[in-house]
Amino acid sequence: MSDPAEEKLTDDRSLAVARDQRRELAQFLLRHASIITRNWAERAQDGVTAPPQVDLGEGEIWEPSLLALVEHLEAAGPDTDMPAHVTWLGRWHETGSSRAKVRDHFHALRDVTTEALAGTDQIQEAEKEALLGLLEAAVRNLRLETSEVETRHLLAEAVDARQQFEGLFQHAVDAIMIADPETGRLLATNPAAAALMGMSKEELESHTLGELQPDLLRVAREQLDESNPYFGTPQLLPMANAENPRRVVEVNSAAAEYGEQRSAQMFIRDVTERVRFREELERRADELQAKLWGQLQETQHLRVFLENIINALPARLLVLDQNLTVLHANSAYLRQRRLPREQVEGQHIAEVFPAALLEEAGLRQAMENTLKTGDRVRWAGFRQATEEHTERILNIGLDPCPGASGERNLLVTIEDVTERHRQLYERSILHQIVQAMLGMRDLPRLLHAILTGITAGGAVGLGFNRALLMLADDENGVLKAEMAVGPESPAQAGQIWSELSERRTLGEFLKAFDRLPPPEEQPLQKLVEQLTFPLSDTAVLPMLAAATRETVYVFDAPNDPRVPAELYKVLGADEFVVAPMVVQDKVIGVAVADNSINKQRINQTDIQLLTALANHAALAIDSARVYAQEQRRANELDEAYRKLESATERLVRSEALAAIGEVTAIVAHEIRNPLSTIGGFGKMLLRSAGDTDTVKRNAGIIVEEVAKLENILGELLDFTKPAHPNFANCSFLDVVRSSVLAAQARAEARQAEVTVDVPEDLPLVPMDCGQMQQVITNLILNAVDAVQPGGKVSVTGRQEDRLVKLSVSDTGHGIPESHLDQVFDAFFTTKRTGTGLGLALAKKVVEDHGATLSVASQEGLGTTFVITFNLDQNLPPPAVSLRHREADEIRKGSE
Amino acid sequence: MEKLRILVIEDDDNQRELYKQDLVWVGYDVIAVRSGQEGLQALREQPVDVVLLDIAMPGMDGIETLGKILDYDNQMPVILNTAYSSYKDDFMTWAAEAYVIKSHDTTELHKAIAAVLKKRGIQAPPEPAEASE
């Protein structure tokens with residue numbers, strides 16, 4: 001807009017030219033409105049903003065489209081003056097569109113029109129050029145017009161501003177007076193000024209400033225004078241009136257132009273309330289100050305009181321400033337350092353504090369850090385070597401501590417916890433030993449743990465040189481040395497202790513137990529193991545301690561009447577301690593400890609610790625013994641359980657046998673057919689080919705083998721379905737003789753000598769003679785199989801009261817004990833051939849008779865089977881069905 | 001004197017041959033058939049003194065055959081011959097006169113035959129001496 005070339009258009013001539021051009025343009029635009037509008041719309045789609053709508057009031061919306069513009073220009077007619085158009089633009093401007101935006105739209109109008117002209121052939125080129133020239137001029141003109149609009153608006157704004165000022169002036173709360181600073185004459189006043197003075201406007205304006213308040217003119221002049229110190233500074237002036245004789249006003253003046261005249265514009269405000277309030281405030285502040293002074297006095301007292309406390313504290317306190325200078329030290333600190341206060345306070349920490357702690361332990365750095373960051377620090381367990389060559393343990397605290405003016409100082413708290421540590425330490429040793437003893441069930445291990453606890457040094461045990469445990473043997477009524485540890489001589493001690501010094505915990509000590517030589521090889525052990533005292537000898541040591549339940553400290557053994565000579569002789573120590581080990585009323589024993597190697601005096605703490613340890617040890621030993629008892633009982637139960645389990649297993653197996661039996665029956669049937677065929681043909685062979693030796697021999701073998709197989713099958717089948725006994729009164733001797741006869745062939749083959757010793761007059765017992773004979777035969781055959789050639793088998797019958805016992809003994813290899821309870825199990829066999837059913841069947845048959853079959857054997861010496869009949873067990877012959885009898889007859893016939 | 005006639009009913013060829021040879025050796029006239037049906041047929045075709053009957057046979061088993069034989073002639077001596085000892089638990093087998101478990105040793109069988117014959121007053125041929133073993 002500030003382009004000087006465009007400025008030229010602002011003269012009237014230019015405006016007139018522009019007016020003509022615009023008319024021509026309007027007519028052209030109207031002619032081609034449709035094309036231009038279409039292009040405008042297309043441009044709008046390309047992002048050219050359409051001009052905003054204008055609300056003309058009364059529901060009339062004016063949309064400043066190009067067409068509307070053209071229509072407007074046309075309606076205005078060729079002679080239209082500028083103002084109509086300006087009005088239109090002004091409206092547009094009022095909508096908030098910026099001038100630049102209006103211009104953009106007109107540029108767009110120009111561009112669109114140019115394009116429209118280029119795209120049409122209805123207009124000749126010369127005309128087009130003329131029109132484009134018109135357009136350019138119109139755009140320029142438009143710029144001129146917009147600046148004119150702007151000017152008008154500025155003027156309107158100025159008028160508005162004046163109106164606003166008038167409003168403010170008239171309605172201001174503050175009194176405003178415009179006065180001549182030379183004369184003090186009032187040029188203008190507002191209603192508030194009249195109200196302040198309690199006059200009418202006219203009455204007020206007839207006064208001068210000096211008449212209103214003597215100082216008013218002077219103040220106004222001072223405030224207007226840039227060189228005066230009160231320039232532009234509000235001033236308070238008393239301005240009494242009838243209502244308020246203490247009224248105070250605040251005056252502020254500024255230079256102003258009033259017409260051509262230089263004037264003072266004075267703003268005057270009633271500030272009586274404010275001044276009064278401030279006075280009140282000051283009064284209260286004074287009161288408060290007085291009160292604070294009183295409190296300060298109290299604080300002083302408190303300070304003294306606190307200082308007394310601080311000085312009475314056992315903990316040592318120091319307050320340091322940022323430079324580590326000691327501001328304050330309490331009495332405990334001064335006492336401990338043995339320094340007067342003036343040699344500490346005001347000194348640098350390095351001057352008064354032990355350097356070892358400050359520099360080497362890094363305390364100084366920590367102090368500086370706390371002063372810097374304000375972080376609190378707690379250091380526990382500082383070890384400080386003292387001049388007396390004893391170690392002190394310190395807890396040190398560093399706390400930020402605000403100083404008098406809020407600066408950060410440092411409070412150093414030093415607490416000596418050496419004694420507390422020592423107690424904790426002792427308790428922890430005891431705790432460790434007790435922990436190690438807990439749950440130790442093995443008595444030797446436990447005793448070793450106790451002794452180790454008593455003798456181990458350092459952080460592990462009580463540190464005695466030697467220790468001995470004596471336990472009460474109630475059965476023999478004696479207190480007997482059970483276990484002892486410790487070296488025999490100082491030389492040996494050195495060796496042992498250097499070995500042990502590497503072990504840090506009791507656990508590590510105890511691990512060494514497994515590597516120790518057996519107790520009987522330990523020197524001290526040998527020394528003490530003969531040491532026994534009657535439990536009843538409670539007048540002297542060691543039983544004295546157990547009887548009185550008091551730990552006894554002996555420091556001059558040779559001359560102490562409580563020490564028996566025997567004890568002194570074995571221990572060889574003048575000074576020792578005997579601690580009782582008692583649980584409730586039960587004397588467990590005593591623990592004896594001494595320092596006979598390094599001769600260190602036994603102190604009160606040692607005695608107390610030993611007493612406490614002995615107490616715990618007594619409990620542990622007692623529970624270990626109870627545990628051992630329980631363990632034995634548990635083992636017995638285990639054994640019983642194991643037997644029960646085995647019985648159950650056998651029972652299960654016998655059930656399995658039932659199933660096996662069924663299978664066997666089927667298998668047996670399947671085997672029997674071919675077997676009988678083979679055997680039968682064997683016989684045929686014998687019958688028909690009797691003249692050929694080889695054929696005879698082979699056939700004989702076939703028959704023999706088949707007979708064996710059939711025998712096995714028979715056994716299997718019998719076991720599956722054993723026959724019921726068919727009772728009759730039989731002579732034992734007859735049965736035995738038959739059995740021996742049946743076994744004769746095998747006995748001869750194995751060169752076994754079978755002897756029979758059965759009295760003829762043994763009572764008759766009802767039995768199934770056939771079955772019993774089979775059983776006895778079976779036992780004899782087993783015996784024959786068991787002996788070496790030349791071995792002996794004896795069958796013996798005896799009556800003992802109401803029992804009749806028939807035994808079959810051999811001089812064979814015997815049965816291993818582990819097999820003994822299995823020999824009657826079905827399918828159990830140690831023979832190379834055999835079904836393992838023989839003895840099982842024998843036992844079943846014997847038991848069917850109400851008798852028992854038992855076995856006794858000694859490996860290498862022989863085995864004895866005994867059938868025992870009880871004559872009082874009156875077993876009536878059971879009813880036997882025809883079927884059974886027939887079946888049995890058939891069976892017997894087949895054997 | 002005409003030989004006593006024994007009907008052997010046995011499905012197993014080897015077994016059947018064994019009994020045939022064995023009983024012929026003892027001195028009987030032997031008719032050997034492979035099934036219950038054939039056995040019943042044989043009974044109708046000629047007089048038989050003793051029937052030796054196997055139990056486990058395919059088709060009509062020994063128990064059923066036994067019933068049919070007794071239906072035909074309730075005086076007929078039948079000897080059950082089987083490897084299956086548990087068959088004696090079946091009450092149907094009670095109808096048989098005797099019960100013999102199969103064995104290479106046919107002595108028991110010979111005794112059983114002699115016994116049933118003896119009940120009817122018939123003398124069985126004497127047991128021939130075995131060749132020496």
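Which residue in β23(A) is the bridge partner of A:V793? In this predicted model, the partner of A:V793 is A:D810, and the views below begin with the sheet that contains this pair.

**Figure 1. Mixed five-stranded sheet of chain A.** The open sheet has 5 strands in the order β20-β22-β23-β25-β24, and its pairing is mixed. β20 (753-757) and β24 (852-858) stand at the edges with a single partner strand each, so one side of each is left without a neighbour in the sheet. From one strand to the next, the twist averages 15 degrees. The parallel sense is found between β20(A) and β22(A), which share 5 bridges; within this pair, A:V756 has A:V795 of β22(A) as its bridge partner. Strands of a sheet may pair either parallel or antiparallel, in each case through backbone hydrogen bonds.

**Figure 2. Antiparallel pairs around β23(A).** On one side, β23(A) is joined to β22(A) by 8 bridges, and the two strands run antiparallel. The pairing of A:V793 with A:D810 belongs to this ladder. The hairpin formed by β22(A) and β23(A) has 2 residues between the strands, and A:D801 there takes a positive phi near 55 degrees. β23 (residues 803-810) is also joined to β25 (residues 862-870) of chain A, again in an antiparallel arrangement, by 7 bridges. In that pair, A:V804 is matched with A:F869 of β25(A).

**Figure 3. Helices packed in the region of the mixed sheet.** Helix α26 (residues 732-749) of chain A lies across β20, β22 (792-800) and β23, running at about 175 degrees to β20(A). A separate helix pair is formed by α27 (residues 769-786) and α29 (residues 838-848) of chain A, whose axes come within 10 Å and cross at roughly 145 degrees. The crossing of α27(A) past α29(A) is left-handed. On the α27(A) side, the contact is made by A:Q771, A:V775, A:N778, A:L779 and A:N782; α29(A) contributes A:G838, A:A842, A:V845 and A:V846.

**Figure 4. Nonpolar cores of the model.** The largest nonpolar core has 60 residues, and A:I454, A:A467, A:V590, A:A591, A:L610 and A:A617 have the most contacts inside it. Helix α24 (residues 604-688) of chain A supplies the largest share of this core, 9 residues. Apart from it lies another core, of 38 residues, which includes A:V775, A:A783, A:F824 and A:F869. A:V775 also takes part in the contact between α27(A) and α29(A), while A:F869 is the bridge partner of A:V804. In the largest core, A:A591 touches A:I454, A:A467, A:L469, A:A579, A:M581, A:L610, A:A614 and A:A617, when residues up to four places away in sequence are not counted. In soluble globular proteins, nonpolar side chains tend to be buried together.

**Figure 5. Antiparallel six-stranded sheet of chain A.** This open sheet of 6 strands follows the order β15-β14-β13-β18-β17-β16, with antiparallel pairing. Its edge strands are β15 (532-534) and β16 (552-554), each of which pairs on one side only. The twist averages 20 degrees from one strand to the next. At one edge, 3 bridges join β16(A) to β17 (residues 576-583), and these strands run antiparallel. A:V554 has A:F576 of β17(A) as its bridge partner.

**Figure 6. The loop after β15(A).** A:D537 lies in the loop between β15 and α22 (543-548) of chain A. With 15 other C-beta atoms within 10 Å, A:D537 is partly exposed. A:D537 and A:A547 are 10 residues apart in sequence, and their C-alpha atoms are 9.2 Å apart in space.

**Figure 7. Chain B.** The secondary structure of chain B comes to 4 helices and 5 strands, which run β-α-β-α-β-α-β-β-α from the N terminus on. Of its 133 residues, 41% are buried. Among contacts in chain B between residues at least 6 apart in sequence, 57% join residues at least 24 apart.

**Figure 8. Confidence along chain A.** The mean pLDDT of chain A is 74, with 68% of its residues at 70 or more. Over residues 46-57, pLDDT stays under 50, and the model has 18 contacts beyond four places in sequence for this stretch. Residues 876-895 likewise stay under 50, with 20 such contacts beyond four places in sequence.

Conventions. Residues numbered from 1 in each chain as written. Chains lettered and ligands numbered in written order. Predicted model: local features only at pLDDT ≥ 70, side-chain atom pairs only at ≥ 80, totals over all residues. Pairing = 2+ DSSP bridges. Axes fitted to C-alpha atoms, helices over the stretch in contact; angles between N-to-C directions. Core = buried A, V, L, I, M, F, W, Y, C linked by C-beta atoms within 7 Å. Buried ≥ 20, exposed ≤ 12 C-beta atoms within 10 Å, placed from the backbone. Contact = placed C-beta atoms within 7 Å. pLDDT = per-residue confidence, 0-100. Left-handed = near helix turned anticlockwise from the far one by under 90°.
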